[in-house]
Amino acid sequence: MADKERTLYCGNLSEKVTEDLLYELFLQAGPLESVKIPKDKDGRQRNYGFVTFKHAISVPYSVALMGGISLYGKPIRLDARSGLESVPNPYLEQLRQYEYSFKRQSYHQTDSRRHDNRSRRHDSRSFAPRESSHRYQHCQ
């Protein structure tokens, strides 16, 4: 399997982002082989990097999972390194369907519990003051 199919492009990285940070972040999407942030001629790191997974399926999954995430206040840009971005991402479609069904649900339709103060037993009881005890009457 070619490295291009298993490699994820990460763009718009802050200069504070390290290879170790990217490794820990993208390990959540699947097992990794390597993480590389190239350096320019002066030895400063560039604002992009590459994450190579052990399995090609981890690339679209990480795009769906980590899409929209920000590191040090900068939203990172994620793309498959090969031409896989033209292929529909099944994980993004599942995420859209989940968000759509979640928005359509009404909390009141599925929840049979009451949402007012009378739903708790101690709130619905009437309060009657106690009669004073005989032993304390002499103190009055």
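User: Let's start with one residue. Leaving aside neighbours within four places in sequence, which residues is Leu 8 in contact with?

Analyst: Keep in mind that this is a predicted model. With sequence neighbours within four places set aside, Leu 8 is in contact with Phe 26, Gly 49, Phe 50, Val 51, Phe 53, Val 59, Ser 62, Val 63, Leu 78, Asp 79 and Ala 80. One of these has a further role: Ala 80, in strand 6, is the bridge partner of Leu 8.

User: And which residues touch the most other members of the largest nonpolar core?

Analyst: That core has 20 residues, and Leu 8, Leu 22, Phe 26, Val 51, Phe 53 and Leu 78 touch the most other members. As for where the core comes from, at least two residues each are supplied by strand 1, helix 1, strand 2, strand 3, helix 2 (58–66) and strand 6.

User: Now the sheet. How do I read the pairing: parallel or antiparallel?

Analyst: The general idea first: strands of a sheet pair through backbone hydrogen bonds, and the pairing can be parallel or antiparallel. Here, four strands make an open sheet in the order 2-3-1-6, with antiparallel pairing. Strand 2 (32–36) and strand 6 (77–80) are at the edges with a single partner strand each, so one side of each has no neighbour in the sheet. On average, neighbouring strands are turned by 20° against each other, direction ignored.

User: How many bridges join strand 1 to strand 6?

Analyst: Four, between antiparallel strands, with strand 1 covering residues 7–11.

User: Which strands does helix 1 touch?

Analyst: Helix 1 (residues 19–26) packs on the sheet and touches strand 1, strand 2, strand 3 (49–53) and strand 6. Its direction makes about 145° with that of strand 2.

User: What about the loop between helix 1 and strand 2? Where does Pro 31 sit?

Analyst: Pro 31 is in that loop. To class a residue, look at its relative accessible area: under 20% is buried and over 50% is exposed. Pro 31 has 36%, so it counts as partly exposed. Beyond its neighbours within four places in sequence, Pro 31 is in contact with Phe 53, Lys 54 and His 55. Pro 31 and Lys 54 are 23 residues apart along the chain, with their C-alpha atoms separated by 5.7 Å.

User: Zooming out, what pattern does the protein chain follow?

Analyst: Along the sequence, the pattern is β-α-β-β-α-β-β-β-α-α-α, with five helices and six strands. Buried residues make up 25% of the 140 residues. Of the contacts between residues at least 6 apart in sequence, 64% join residues at least 24 apart. The chain exposes about 11,100 Å², and carbon and sulfur atoms supply 49% of that.

Conventions:
Residues are numbered from 1 along each chain as its sequence is written. This is a predicted model: local features need pLDDT of at least 70, side-chain atom pairs count only at pLDDT 80 or more; totals for chains, interfaces and linings use all residues. Side-chain values use heavy atoms; hydrogens and water are left out. Two strands pair if DSSP finds at least two bridges between them. Axes are lines fitted to C-alpha atoms, for helices over the stretch in contact, and angles run from 0 to 180 degrees between N-to-C directions. Contact means heavy atoms within 4.5 Å. A nonpolar core is a set of buried Ala, Val, Leu, Ile, Met, Phe, Trp, Tyr and Cys residues joined through side-chain atoms within 4.5 Å. Buried means under 20% relative accessible area, exposed over 50%, partly exposed in between (1.4 Å probe, protein chains only). Accessible areas come from the Shrake-Rupley method with a 1.4 Å probe; for residues, only the protein chains shown count as cover.
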